[in-house]
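User: Please take a close look at the aromatic residues in this model. I would like to know how they sit against one another, and what lies around them.

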Amino acid sequence: MVDPKSLSVTSLATVRETMAVIDLGGLGLALLVDQEGRLVRTITDGDLRRFLMGNASLNDCLDTLDNQKPWTLPVGTTRRSAVDLMREKAINCVPIVDEQGRVTEVWRQSDIDMPILLSTPHIGDEERTFVASAFDTNWIAPLGPNVDAFETDLASKVGIGHAAALSSGTAAIHLALILLGVGSGDQVFCSSLTFAASANPIVYQGAEPVFIDSDEKSWNMCPTALERALAVSRRENRLPKAVIVVNLYGQSADMDAILDLCNAHGVPVVEDAAESLGATYKGKASGTFGRLGIYSFNGNKIITTSGGGMLVSDDADLIARARFLSTQAREPAPWYEHKEIGFNYRMSNILAGVGRGQLAVLDDRVRSRRHVFERYRDGLSNVGAIQWMPEPDWSNSTRWLSACVLETGARGRDKLISDLAADMIEARPVWKPMHLQPVFANNRFYTAANTPVSNRLFEGGICLPSGSNMSEEQIDRIIEAVSTSLA
């Protein structure tokens with residue numbers, strides 16, 4: 001945005017003086033205003049050239065310049081409206097005028113046509129070095145030194161014994177279920193408030209997903225609801241083959257309570273830490289509590305390999321088996337020998353190079369995302385309609401996404417998302433629970449109370465932009481837009 005006073009001239013200004021204003025303003029235009037400061041027209045270099053070609057001189061005043069009606073927008077207009085107008089009229093700038101016709105600011109398309117997205121990749125300096133090494137050594141195909149090093153470095157970072165780099169977090173969950181013997185007709189319990197990738201692999205195996213509600217303290221799997229589900233499954237003599245616990249939006253579930261219940265029934269836990277790499281539960285890394293844990297490096301995650309995932313465990317045999325299955329289950333023979341069905345699930349050496357560089361700045365990315373959340377919480381502290389995602393004493397969240405619930409429910413949430421979109425700010429509802437998805441409409445769902453917690457979180461829940469590469473100015477812009485919408 002540009003101060004209009006620095007661009008303003010009156011009809012008594014000369015062509016020479018107006019050219020100097022245009023040159024110093026850097027927008028390619030000046031604002032011709034009357035004695036009351038009301039906008040008469042905009043003046044560009046082209047306008048002045050045409051004026052001079054009509055026998056005017058550099059020392060002539062603008063009082064004989066024609067009064068061409070300018071394209072303007074009123075105070076309170078949205079960025080989207082301004083960008084649409086500039087594109088339609090093929091202009092680079094548009095004055096914003098008040099009710100008296102005075103210019104309050106000038107918007108330039110290159111300044112405002114920059115949407116703030118929910119969670120964008122944040123690339124640093126080291127990634128290029130590792131990727132260049134892959135090219136220099138011709139390790140372009142899947143596997144290679146970057147893959148080996150990425151697995152070792154990540155396992156060391158989270159404090160677990162073994163890791164297998166894979167093509168996605170979904171692939172990691174799928175292999176985890178295979179390793180635990182999940183098959184046709186089995187039940188697998190899964191957090192309901194999550195993305196579909198947590199539950200879909202259950203169906204890949206021909207098993208039945210059973211969904212567990214959230215608790216208020218963490219928004220993650222409710223131990224009380226899990227206890228009810230386990231009690232029913234024991235009475236039916238059909239305990240689940242596994243429980244998939246999802247650590248939502250960068251925050252750990254209450255793992256001690258969940259593990260105590262699962263261990264008492266002999267049910268293994270898969271910890272879906274796709275959203276919580278870098279978080280801790282009572283000082284220990286998220287993703288390292290279950291029999292198997294998974295991470296995601298999708299483009300929107302806290303660190304990324306563009307697309308990829310990791311399966312981790314302290315059980316060396318499980319990870320070795322995962323590597324075998326993820327490389328098409330190829331037997332160690334001089335020809336292509338296959339005794340069972342495998343998958344093309346391994347990560348490429350190039351993408352693993354990106355991951356190595358990203359892993360080196362994980363702690364910085366966590367600090368940045370927590371800072372974004374704290375700025376929102378402090379800047380919107382006077383907005384009573386917002387309930388922020390809580391952080392229990394046991395958890396140190398990454399705040400992968402800054403999530404909150406509006407007391408006005410779905411109506412208020414949808415209005416806020418629409419208002420932010422008009423200001424070119426992306427926001428999204430929190431995950432729609434799996435038990436509300438049409439594809440899982442007939443699956444069992446357990447809650448600790450009559451009113452599901454996850455339903456309420458979805459109805460009013462919203463995620464604000466949370467990228468670690470957001471500027472302070474962008475955060476301020478979002479805070480202002482949210483305050484205005486909820487006023």
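Analyst: In this predicted model, a search of the whole structure finds 10 aromatic pairs. F343 and Y345 make up one of them, a stacked pair with 5.1 Å from centre to centre and 10 degrees between the planes. Both F343 and Y345 are buried. Another stacked pair is Y376 with W388, at 6.5 Å centre to centre and 0 degrees between the planes. This pair links distant parts of the chain, since Y376 belongs to helix α13 and W388 to strand β16, 12 residues apart. Y376 and W388 are both buried as well.

The second pair leads to the sheet that holds β16. The sheet is open and has four strands in the order β16-β18-β21-β19, with antiparallel pairing. β16 (386-388) and β19 (428-429) are the edge strands, and each has a single partner, so one side of each is left without a neighbour in the sheet. The partner of β16 is β18 (residues 402-406), joined to β16 by three bridges and running antiparallel to it. Within that pairing, Q387 stands opposite V405 of β18. Helix α13 (residues 362-379), the helix of Y376, packs on the sheet and touches β16, β18 and β21 (461-464). The direction of α13 makes about 30 degrees with that of β18. Helix α14 (residues 409-422) also packs on the sheet, where its contacts are with β18, β19 and β21. Its direction makes about 25 degrees with that of β21.

Aromatic rings also take part in other arrangements. F195, Y249, W400 and W431 form one aromatic cluster. Two rings have a charged side chain over them: the charged end of K284 sits over F289, 4.8 Å from the ring centre, and R413 lies over the face of F458, at 5.1 Å from the ring centre.

Y249 leads on from the cluster to the nonpolar interior. The largest nonpolar core has 37 residues, and Y249 is one of those with the most contacts inside it, along with L154, W219, L277, Y295, F297 and M310. Several elements give two or more residues to this core: α6 (145-158), β7 (162-166), β15 (309-313), α12 (349-359), α13, β18 and α15 (453-460). α6 gives the most, with five residues. Two of the contributors, α13 and β18, are in contact with each other where the helix packs on the sheet.

Y295 shows what surrounds an aromatic residue of this core. Apart from its neighbours within four places in sequence, Y295 is in contact with L154, V158, G169, A273, A274, L277, S286, G287, T288, G309, M310 and V312. A second, separate core has 35 residues, including A199, V270, A274 and F324. A274 therefore belongs to that second core, yet it is also in contact with Y295.

Helix α12, another contributor to the largest core, has nine of its 11 residues buried, so it is largely enclosed by the rest of the structure. The buried residues are N349, I350, A352, G353, V354, G355, G357, Q358 and L359. They pack against α5 (127-136), α6 and α13.

Terms used. Residues are numbered from 1 along each chain as its sequence is written. This is a predicted model: local features need pLDDT of at least 70, side-chain atom pairs count only at pLDDT 80 or more; totals for chains, interfaces and linings use all residues. Side-chain values use heavy atoms; hydrogens and water are left out. Two strands pair if DSSP finds at least two bridges between them. Contact means heavy atoms within 4.5 Å. Axes are lines fitted to C-alpha atoms, for helices over the stretch in contact, and angles run from 0 to 180 degrees between N-to-C directions. Rings of Phe, Tyr and Trp (its six-membered ring) pair if their centres lie within 6.5 Å; planes under 30 degrees apart count as stacked, over 60 as edge-to-face and the rest as tilted. Buried means under 20% relative accessible area, exposed over 50%, partly exposed in between (1.4 Å probe, protein chains only). A charge sits over a ring if NZ of Lys or CZ of Arg is within 6 Å of the ring centre and within 35 degrees of the ring normal. A nonpolar core is a set of buried Ala, Val, Leu, Ile, Met, Phe, Trp, Tyr and Cys residues joined through side-chain atoms within 4.5 Å.
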